[in-house]
Amino acid sequence: MKSRILVVDDESMIRSMLRQVLESDGYEVYEASDGMAAQNIYREEPFDVIITDLAMPERNGLEVIDEVTRSFPHVKIIAMSANASGGGGVDLASARNKGAHRTFPKPFGMGDLKSAVKALLA
């Protein structure tokens, strides 16, 4: 059975790029445009990995991480942010403290992301 990944980002181009890269590695990939949409999806479908941006409308990535780690502790989480140093409390250090297994500042290399996903699923 294919591993299932949910990509959460308010930028459609980033979601599409990540989907293509991950699907080329054989993963089943779903997309959500913000934290609220993600919540609706992951409550209905089980996922192995959730890759979430931190700065998004509706519910930000930190709220996604809080919810997932409470309700679905087996799911691995990768957080990403263009504002890696912070701003409004949405930063990669906060994501790690809340339970993200890996974090990436944007932009990042697709090879690094693919390696992180593979390691988390091993």
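1. Start with a loop residue. E58 is found in the loop between β3 and α3. Its phi is near 70°. That is a positive value, and E58 is not a glycine. The model is predicted, and this backbone angle is a point to look at when reading the loop.

2. A second loop carries a cis peptide bond. The bond joins K106 and P107. Omega there is about -5°. P107 has its place in the loop between β5 and α5. Check this bond alongside E58, which sits in the loop between β3 and α3.

3. Now the sheet. Five strands form an open sheet, and the pairing is parallel. The order is β2-β1-β3-β4-β5. The edge strands are β2 and β5, the latter spanning 102-105. Each of these two pairs on one side only. From one strand to the next, the twist averages 15°.

4. Take the pairing of β1 with β2. Strand β1 covers residues 4-8 and strand β2 residues 28-32. They pair in the parallel sense over five bridges. For register, use R4: its bridge partner in β2 is E28. The chain crosses from β1 through α1 to β2. This β-α-β crossover is right-handed.

5. The pairing of β3 with β4 comes next. Strand β3 takes in residues 49-53, and strand β4 residues 76-81. They too pair in the parallel sense, over five bridges. Here T52 fixes the register, standing opposite A79 in β4.

6. Two helices can be placed against the sheet. α1 lies across β1, β2, β3 and β4. It runs at about 170° to β2. α5 lies across β1, β3, β4 and β5. The angle of α5 to β5 is about 175°.

7. How do α1 and α5 pack, and at what angle? Helix α1 spans residues 12-24 and helix α5 residues 110-121. Their axes are 11 Å apart, and the angle is about 60°. Angles of 65 to 115 degrees would count as roughly perpendicular, and those under 35 as roughly parallel. α1 and α5 are therefore oblique to each other. α1 passes α5 in a right-handed crossing. On the α1 side, the contact is made by M17, L18, V21 and L22. On the α5 side, the residues are M110, L113, K114 and V117. By class, the contact residues divide into seven nonpolar, no polar and one charged.

8. Which way do α2 and α3 lie to each other, roughly parallel or oblique? Helix α2 is residues 35-44, and helix α3 is residues 61-71. Their axes come within 10 Å and cross at roughly 15°. The cut-off for roughly parallel is under 35 degrees. α2 and α3 are therefore roughly parallel to each other. Their crossing is right-handed. G35, Y42 and R43 in α2 meet V64, E67, V68 and S71 in α3. The residues of this contact divide into three nonpolar, two polar and two charged.

9. Read the two helix contacts side by side. The contact of α1 with α5 has seven nonpolar residues and one charged. The contact of α2 with α3 has three nonpolar, two polar and two charged. The angles are about 60° for α1 with α5 and roughly 15° for α2 with α3.

Note on methods:
Residues numbered from 1 in each chain as written. Predicted model: local features only at pLDDT ≥ 70, side-chain atom pairs only at ≥ 80, totals over all residues. Heavy atoms only, no water. Axes fitted to C-alpha atoms, helices over the stretch in contact; angles between N-to-C directions. Helix = DSSP H or I, 4+ residues; strand = E, 2+ residues; numbered from the N terminus. Parallel < 35°, antiparallel > 145°, perpendicular 65-115°, else oblique. Left-handed = near helix turned anticlockwise from the far one by under 90°. Contact = heavy atoms within 4.5 Å. Nonpolar A, V, L, I, M, F, W, Y, C, P; charged D, E, K, R; others polar. Pairing = 2+ DSSP bridges. Right-handed = clockwise from strand over helix to strand, strands pointing away.
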